[in-house]
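Let's take a walk through this fold together. Have a look at the sequence and the model first, then read on.

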Amino acid sequence: MNHWYQKSLLRLVEHSRDDVIALLDLAAKLKADNKAGQETAYLNKKKIVLIFEKSSTRTRCAFESASFDQGAQCTYLGPGRSQLGDKESVADTAKVLGRFYDAIQYRGFAQRTVDELAEHAGVPVYNGLTDDFHPTQMLADLLTMREHCNKDFHDMRFAYLGDARNNMGNSLLLTGALMGMDVRIAAPKALQPDAAVVKKAHELAEESRARILITDRAISAVQDCDFIHTDTWLSMGEDKASWGKRVELLMPYRVNVELMVLCGNRDVKFMHCLPAFHDRNTPTGELFFQEHGLNGIEVAREVFNSSHSLVFDQAENRMHTIKALMVATLCEKVQNCETDKSL
């Protein structure tokens, strides 16, 4: 049976490790078929609406390009382009859109909004990002790590450095715990994950045999890691007045060549969900250079542009994993797929 059929993706940890792996298997198959020009369009005549309260490059384009490949039609509702949360309640919006569309994607601020959409829509709802979680990014990250590390998830080691009390810090901690991985979170104490998130991670780890380290020491976190993740130091919607204090707190967690070497693994890979401030080609990056003499904020230019960097593989895999998510949730059985036993 297909676990994913007609299910929503609000938080990845609401699904089992085996079901996540089955979805990754489907993504890998669809990706290979796409590269070979042999992709089957499972979503003909399906309709998906994309609600965006936050700006987007990868999430919007991944959903739209995946839909195009699969024969589905998309409607884009950008910031301020719908009545959601202004003239109309979330519940009413969900009930209307659920009658028009086969699935709804939401990218915005409050987790309760996407939860409420799923409660009332009657069709699958996909969390494209909230302030708390980023599950579609986690699918792309897992596929990318599996492609670049010849280990089972249980044997993989990864670290996340920087602001860890946001959607990426939360999601990587919980996803690693769900998949049974060796997870290290390095952040200043003021920017570490919320206690409730940490508690949930330890509960998941008891079942999956994951190893969890939360520390304020970057060097301890990266020892012998297979992957080092980071994210921007100021998230969308945060007060830019916080920037100076944030830089002061997070400078010890900047991913530079020295840190990559101190990891002790010559094959360590760098990952970032993007966009990244990795050079002087943005106003923020140039200002940082003028103030600190460093090229790249959360990650040095030399690391971002190195052979260790997987950032554009991650970006591409957003499309393949989102495609698999839509196919699995909207098609009861996927024919001619190696994952028929699970999907």
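Contact here means heavy atoms within 4.5 Å. With that in mind, helix 4 (residues 111-121) lies across strand 1 (47-52), strand 3 and strand 4. Helix 4 runs at about 165 degrees to strand 4; axes are lines fitted to C-alpha atoms, for helices over the stretch in contact, and angles run from 0 to 180 degrees between N-to-C directions. Helices (H or I, at least four residues) and strands (E, at least two) are DSSP runs, numbered from the N terminus.

This is a predicted model, where local features need pLDDT of at least 70 and side-chain atom pairs count only at pLDDT 80 or more, while totals for chains, interfaces and linings use all residues. Residues are numbered from 1 along each chain as its sequence is written, and side-chain values use heavy atoms, with hydrogens and water left out.

Now the sheet. Its 4 strands make an open sheet in the order 2-1-3-4, with parallel pairing; two strands pair if DSSP finds at least two bridges between them. The edge strands each pair on one side only:

| Edge strand | Residues |
|---|---|
| strand 2 | 73-77 |
| strand 4 | 125-129 |

On average, neighbouring strands of this sheet are turned by 20 degrees against each other, direction ignored. Strand 3 (residues 103-107) is joined to strand 4 by 4 bridges, and arginine 107 stands opposite leucine 129 in strand 4.

Finally, how do helix 1 and helix 13 pack? Helix 1 (residues 17-35) and helix 13 (residues 311-330) meet at an angle of about 115 degrees, with their axes 8 Å apart.
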